[in-house]
Amino acid sequence: MPTTRAFVSGLENALRRTTLGKWLRLRRETAEQSWLRAEMAQARSDATTAREIYRALARRRTTTPQGFLYAGLASYRLGRAARATKILARGHHRHPGDALLAEHCLRLCVEQQRLRWLIDMLDARGGRSAFEQLVGQSEDWNTQVDLVAFHREAGAPERAETSIRQIIEASDNVVALWRLGDILLACGRRDDAATLYRRLSARAIDGPDAALYASLSFERLLEPREAAARLEAQLARYPDAAHLREHYLRISFEHGLFDRLARWVDPGADSAEAIEAALDQFSERQQQLKIVNYYVDKGDLTRVRQKLSRGPGEPPDPSDALFHIALRLTEKGFAAEAGEIYRSLMDRPRESMWDSYFAAASALRLGDIDGCLTALEQGLRRSPTSVELEHFYLQISTYHLKHQRCAAFMATLPGKPDYGGLKVSDVYITAMRSDPLVAEAVIMNYRDIQHLCTADQFAELLRAVLDSVGRAHIPRDKMRLFTFFSRYLDLDETFTTALRETFRLRLAEGAEPGDALAKEERVVDMLFRLTPPMVPSAGGRAEAQTRQFIDACKSLARAPLELAEPIRDMSFSWTPWQYLFCLGAMESYNATIAALESVAFAAWPRLNHTASHVIDPVLRPAAGRRIRIGFMVHDSMPMMSGLLAGLDKNLFETVFIRPGVMGPSRAARNWVQRAERVVEVSDMDAYAAIDAIAAEQFDIIVSGPSGAAVFFPMMARLAHLQMVLLEPNWTDGLTHADYYISWKPAEPAEVGRFYRSRVALLDEPPYYIERHAVEAISDAEKAELRQRLFGPRASGRIYLCANTPPKIHPDMDGLFRRLLESDPEATLVFLRGDYPPSKTLRFRLHQRLGALIDRVVFLSTLKQADAHGLLLSADCCLDSFPLCGMSSSFDAAMLGVPLVTLPAEMPFGKWTATIYQHIGVSGLTATSEDEYLQIALRLANDPAWRQARGAELRQKAGLFVESAASVGEFAQFIARAWERHLAGLPPADWSDGDWYTRATPPASTVARARAG
């Protein structure tokens, strides 16, 4: 018989092979030992054993920190996350000093989004300090980042800011820093986020994670090419890092870096066929569709069609992918091909809500508003709960004043009975309850809706707009947009001020500590205070508005705050120099622009940049080398590229500085063909453009700075000499503006009264007017066009003012009234009726003309053939005053379209009259409003005289078309200006082929300039 010890030992061996034995062993093991055995079983794919151990651990009753920790973690491994967080939280409450238990408790609660529950539980037991102690014990930087996000969402920005500072100062965890950068970026703190991304991009690479986030930081910094290059280099170090490869492919596809990608796949891929073969290795249809954009950019429409073709039985491509390809085709100038895709999206079967959405979007791109609304209505009938379709429908119908259609349709949808039988104001109010962004439609159509409502109804609607944007989560970019348009469209001061105050309060509610709120507040404040109306809603306010602008600039400059970058902050459309010029207060224009410069340099100090080659004597132009001259204008602008041919290629190196990608126009092609080199710079980032231009080391830059993409870079000193051509002198008053090149007879006699920069007055028009075929149209074609555009009014007399709405100054309003009263058969026609400032012009004319407004027509933007035909078929064409046409007047003369004009002794006040004087055409230039009216009535009522004037214009227009004299005189001035600079002399005025000293301006002008 065995001894007792042997018996017990044998019993234990037997029990180890039974469930009871396993239980006894677990009882003897520590919780940590059991956990490690389970993890080892999991690692060798023994899931059964692992789960048994996890279950036993989770059921253990324990009072120790280790017991709670592994019981909680075991529950988590078993997929019982809620139970796990409860066990860990209970353990932390009993053992608040155990760091490991606290770390995992906090991590799981963050992951399961149960922090609020944890806080409430701890607060109930130990007060707020219990949760603070828990957070303070965490050493996991990713958990700290999660806490930042939680505090922001919970409305505790102070706690979030404390965590942000701690992470930035103490953490070197690349994942945590990257995630924090994204959080800062999402809440509008772009500068702080950029600082983190730059820090990550510069760090030493010590593993795949660092390689990934250092590379991706360049993408966040808007440098996708550099990001792809870094990822490609890191893939050579870490070829098995799948996440590096994944992001390299994503960035290459998203940013169209197909040449780089193809060479990475096949280093020998240098022909189109080899590149296509390399790219075809990516067989997923979504990636193949992205490759289509590569061929769009190459202009290879054959391969575009091949890639988009679908065989029998193949599923159709997603609507969104096709729509975005069509957008890309439109951008590249392939309108016909884009139109085919848009029409196919409208016609295809609509199997999903998104098919309806993109069918509507396609109709909108084709200008078919009714088709857009029909597609949305059909989609909403099938998917009445679709928020995307409803919001799209409300925004389009209210924006395009289809309120009656909107109310009738919405009342048919389930749950939308409030739309039945509503007044105009009620439709907008009800729509805003579903989609607060309908407020944008009210702002854009402010004047039109005002006419359709009683005063009380309109006041109620405006209160609803303020209430809606005050309560809803309006994105900050929309706040900026609403503020901009409320001033740009010259809405009532009471409303715009109330809107501004509403946004101020909303920003204060959701503010982050530090500079973020102050910067956002400053941007909105600048948009409010520094956006004059593009078209004034009333006359007689130009001087007051100019003074108000200068005072606002002074106020803002006294409390400077550095912002991010002008175009990104203020939008591409914010071009106050244009609005100020069109106000007509010409004598104070340069003082106003100087005031704008003071604010711009304070807000965006990098605009006040001087290129190193301008100030470094080592980089001065070497004797005998060619003069580097850059021409910077939007490539759609004609009249200037032909001047390049007159610059001696032995003396000048000509470069076209193109803002953004190449446009589709003939003018764009001419720039590329005529310049020796083309340098593309950013049209969305003025700082990037400045850096790129400075790197070219130009001697001279000639610009047409009407748009933000050219004006802001031209605030910097990027060449030894900077000149303006082709536009009004938009940069007059800027520190770094040297010359304005213009036509002597077209400028006022006292240039010193209006211009601060030096002016080069040429005897010939300083432009290259392209010769193009003038196609005549028959009387039948004219009649058909008039009938189509004007209906019953076609048989009357059509008076066309084809100049842009900003040039239709309030000084003309009285003349328009007299014209309509003098000719009962007159219809007064304006173009660009869909251009937002046209709404302000229509409102102003309604106020001045009363019932006569019924004989005023605003046409939407016309196709080129219709616009050409309208000019030739109108009975009378009116030039605007005191700001007249320029390029449009040259074109009208070539077409043989007589314009009646009234010159004004001010900048841009007598270009049309000067053209007539230059070519020797008389009878169309008035000396007073009375004579202007008489000439207009004669043109409309005397077809034989009108035709004679037109024939004379066509015959004599050759005097300025492709003029060699103009090119030669321009080239002479450029060469002499450079000689003067090399001699160490400052810019001076130029006239009659030589330099001269400008007469001292009148004392009153000097006083005004100093006051500015």
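In this predicted model, Arg447 is placed over the face of Phe843, 4.0 Å from the centre of the ring. A second arrangement of this kind involves Arg628, which lies over the face of Phe698 at 5.3 Å from the ring centre.

Aromatic rings also pair with one another: a search of the whole structure finds 39 aromatic pairs. One of them joins Tyr767 and Trp911, whose ring centres are 5.8 Å apart; the planes meet at 40°, so the pair is tilted, given that stacked pairs require under 30 degrees and edge-to-face pairs over 60. Tyr767 belongs to the loop between β7 (758-762) and α42 (779-790), whereas Trp911 is in helix α47 (residues 911-919); the pair therefore ties together parts that are 144 residues apart in sequence. Tyr767 is buried, its relative accessible area being 1%, and Trp911 is likewise buried, at 0%. Both residues belong to one aromatic cluster, formed together with Phe581, Tyr589, Trp730, Trp743, Phe890, Phe908 and Phe960.

Attention now turns to strand β2 (residues 652-659), where eight of eight residues are buried. The strand is covered on both faces: Phe652, Thr654, Phe656 and Arg658 are buried on one side, and Glu653, Val655, Ile657 and Pro659 on the other.

Strand β2 has parallel partners. With strand β1 (residues 627-632) the pairing runs over six bridges, and Phe631 stands opposite Phe656 of β2. With strand β3 (residues 677-681) the parallel pairing comprises five bridges, and here Pro659 stands opposite Val681 of β3. Helix α39 (residues 666-674) completes the arrangement, making a right-handed β-α-β unit with β2 and β3.

Technical notes:
Residues numbered from 1 in each chain as written. Predicted model: local features only at pLDDT ≥ 70, side-chain atom pairs only at ≥ 80, totals over all residues. Heavy atoms only, no water. Phe/Tyr/Trp six-rings, centres within 6.5 Å; stacked < 30°, edge-to-face > 60°. Helix = DSSP H or I, 4+ residues; strand = E, 2+ residues; numbered from the N terminus. Buried < 20%, exposed > 50% of the residue type's maximum accessible area, 1.4 Å probe, protein only. Lys NZ or Arg CZ within 6 Å of the ring centre and 35° of its normal. Pairing = 2+ DSSP bridges. Right-handed = clockwise from strand over helix to strand, strands pointing away.
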